[in-house]
Amino acid sequence: MTRTTADARQADVIVVGAGPAGASAAYHLAEAGVDVLLLEKSAFPRDKVCGDGLTPRAVRQLVAMGIDLDAPGWQRNRGLRIVGAGHRLELPWPDLASFPPYGLVRTRADLDEILARHAEKAGARLMERTSVTGPVVDERTGRVTGVTAKPVDDRGRRIGEEETYTAPVVIAADGVSARIAIALGLERRENRPMAVAVRAYYETPRHHDEWMESWLELWDGKPGASNLLPGYGWIFGVGDGTANVGLGILNTSKAFQHVDYKDVLQRWLSHTPAEWGFRDENRVGRIGSAALPMGFNRKPHYTRGVLLSGDSGGMVNPFNGEGIDYALESGHLAAETIVQALARPEGPARERVLEGYAAALDGAYGGYFTLGRVFAKMIGNPTFMKQATKYGLPRTTLMKFTLKLMANLTDPRDGDVSDRVINALSKVAPAA
Ligand SMILES: Cc1cc2nc3c(=O)[nH]c(=O)nc-3n(C[C@H](O)[C@H](O)[C@H](O)COP(=O)(O)OP(=O)(O)OC[C@H]3O[C@@H](n4cnc5c(N)ncnc54)[C@H](O)[C@@H]3O)c2cc1C
């Protein structure tokens, strides 16, 4: 079918941003036969500052999208290796009915293009180099009826006229910038944790590591006999000759405001073994940094025809800084909600279904994110962290429990004791 230019700017749903949240939403909508426009300001492949780590929770969503994970380029891992307090502990991903038993690493330049093209193949109309400038609000009803956007070049410079795109429902999946949400007056909740993280790629013989490696302590020299640096580090082998290496610092840490993140990364890495290769001469590309909005730091997740998905709704897990899985899941949930809503006549009946999105998110993650917020506060205290590392790491059963808790990997039914404890705690904690 050929569309007129005006048609081309109309759809059942507009999705702003083609990161994991937007691509997941667009894919599931298109699969259900919904006409969806996916507007993305950059052109694929594009970089996104990230650790590139996908735990089984994210893998489950990739499986649900029908992504071919046997194709070359996916670096599989068996679990998490934790380094700290003189220990190195390897914890396999838990054996669960609800999640696959492996994780993956894939650069975001690859991952995001694969997901966006997959959504396009399913029927979503992807428009790259289309930068959304704001929501269009119907003054009479207060509802959002679309967005305005301008064509841009690869450097983000405007190259044409601003146009209006219309749809009865909009998904804001525009990441931590949250332009749409902010334009609608949804401010950041200051009492929710935030983190800043830096990362770089290095050529390294460790690129095929079967474990995602997490460092609970970063030393400025010999461990225990030098300065303890703020933050937590990771080394994720990408499988292409490089590893993604980085560190993050929570805003509950005293050092948060006053840190030169790139300097801390380089100081930490300069004391890792030379044969690992984490030195400037082996660095591929720049050192990048970005913020992680955690624990539902922007709410409500539904307002006036707009659903927030992924980072725009502050959906990074405060326990471990993962956000890709929650972006994929919330995009999926947004799509399912909208499919049901669009099957109702416009008006209160449809509205009730759309409002159910925010309630469903609260039900799924609200209690868990509240636990995460408490955890983020505790580990911001170096004394607590030191004791927890020292006494926790040697206890394998406790660490297995901690892995399930931090990665949010439990079976809802017929799980073991730790699954039941974590599920019960998440249930009784007030929603974030
Ligand atoms: C250093 C670092 C390391 C991290 N490591 C991990 C990790 O290992 N594992 C993990 O699970 N999570 C990690 N995260 C978190 C993860 O990167 C995010 O949670 C995830 O990218 C959120 O996905 P999203 O789709 O919501 O947003 P994004 O991935 O940010 O996608 C938003 C998209 O919207 C587009 N966009 C923005 N504004 C506009 C606009 N106005 N018009 C059109 N398009 C627009 C952007 O170009 C982008 O493509 C890390 C974050 C950081 C900063």
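Let's start at the ligand. One of its nitrogen atoms sits 2.8 Å from a polar backbone atom of Gly51. Keep in mind that this is a predicted model. Gly53 makes a similar approach: a polar backbone atom there is 2.9 Å from a ligand nitrogen. Then there is Asp311. This residue uses its side chain, placing a polar atom 2.7 Å from an oxygen of the ligand. How much of the ligand does the protein bury? Taken alone, the ligand exposes 990 Å², and 94% of that is buried by the protein.

Now the wider shell. There are 38 residues around the ligand. Those that come nearest are Glu40, Arg46, Gly51, Arg108 and Asp311. By class, the shell has 16 nonpolar residues, 12 polar ones and 10 charged ones. Which elements supply at least two shell residues each? They are α2, β9, β17, β19 and α7. Strand β9, residues 130–137, gives the largest share, with 3 residues.

Let's stay with α2, since that helix is on the list. It covers residues 20–31, which makes 12 residues. What length should we expect? At 1.5 Å a residue, α2 should span 16 Å, and its end C-alpha atoms are indeed 16 Å apart, so the two agree.

Is α2 covered or open? Mostly covered: 11 of its 12 residues are buried. The buried set runs from Pro20, Ala21, Gly22 and Ala23 through Ser24, Ala25 and Ala26 to Tyr27, His28, Leu29 and Ala30. And what covers them? The cover includes strands β1, β2 and β12. It also includes helices α3, α4 and α7. Just past the helix, look for Gly33. It follows α2 and has a positive phi, near 85 degrees.

On to the backbone oddities. Most residues other than glycine have a negative phi, and most peptide bonds are trans. Here are some exceptions.

Two cis bonds come up. The bond from Phe44 to Pro45 is cis, with omega near 0 degrees. Pro45 lies in the loop between β2 and β3. The bond from Lys299 to Pro300 is also cis, again with omega near 0 degrees. Pro300 is in the loop between β19 and β20.

That loop holds another exception. Phe296 is found between β19 and β20. Its phi is positive, about 60 degrees, although it is not a glycine. Is Phe296 buried or exposed? Its relative accessibility is 0%, so it counts as buried.

Asn408 is another case. Its phi is near 55 degrees, positive in a residue other than glycine. Find it in the loop between α10 and α11. At 9% relative accessibility, below the 20% cut-off, Asn408 therefore counts as buried.

Last stop: Ile180, in helix α5, residues 179–183. Its relative accessible area is 1%, so this residue is buried too. What is it in contact with, beyond its neighbours within four places in sequence? The partners are Val16, Val132, Gly134, Pro135, Val147, Ala172, Asp174 and Val306. Now take Arg199. How far apart are Ile180 and Arg199? In sequence they are 19 residues apart, and in space 27 Å, C-alpha to C-alpha.

To recap: the ligand is 94% buried, α2 has 11 of 12 residues buried, and the peptide bonds leading into Pro45 and Pro300 are cis.

Key: Residues are numbered from 1 along each chain as its sequence is written. This is a predicted model: local features need pLDDT of at least 70, side-chain atom pairs count only at pLDDT 80 or more; totals for chains, interfaces and linings use all residues. Side-chain values use heavy atoms; hydrogens and water are left out. Helices (H or I, at least four residues) and strands (E, at least two) are DSSP runs, numbered from the N terminus. The expected span of a helix is 1.5 Å times one less than its number of residues. Buried means under 20% relative accessible area, exposed over 50%, partly exposed in between (1.4 Å probe, protein chains only). Contact means heavy atoms within 4.5 Å. A residue is near a molecule or strand if one of its heavy atoms lies within 4 Å of it. A polar contact is a pair of N or O atoms within 3.5 Å; within protein, one must be able to donate a hydrogen and the other to accept it, and residues adjacent in sequence count only if both atoms are side-chain atoms. Accessible areas come from the Shrake-Rupley method with a 1.4 Å probe; for residues, only the protein chains shown count as cover. Ala, Val, Leu, Ile, Met, Phe, Trp, Tyr, Cys and Pro count as nonpolar, Asp, Glu, Lys and Arg as charged, and the others, Gly among them, as polar.
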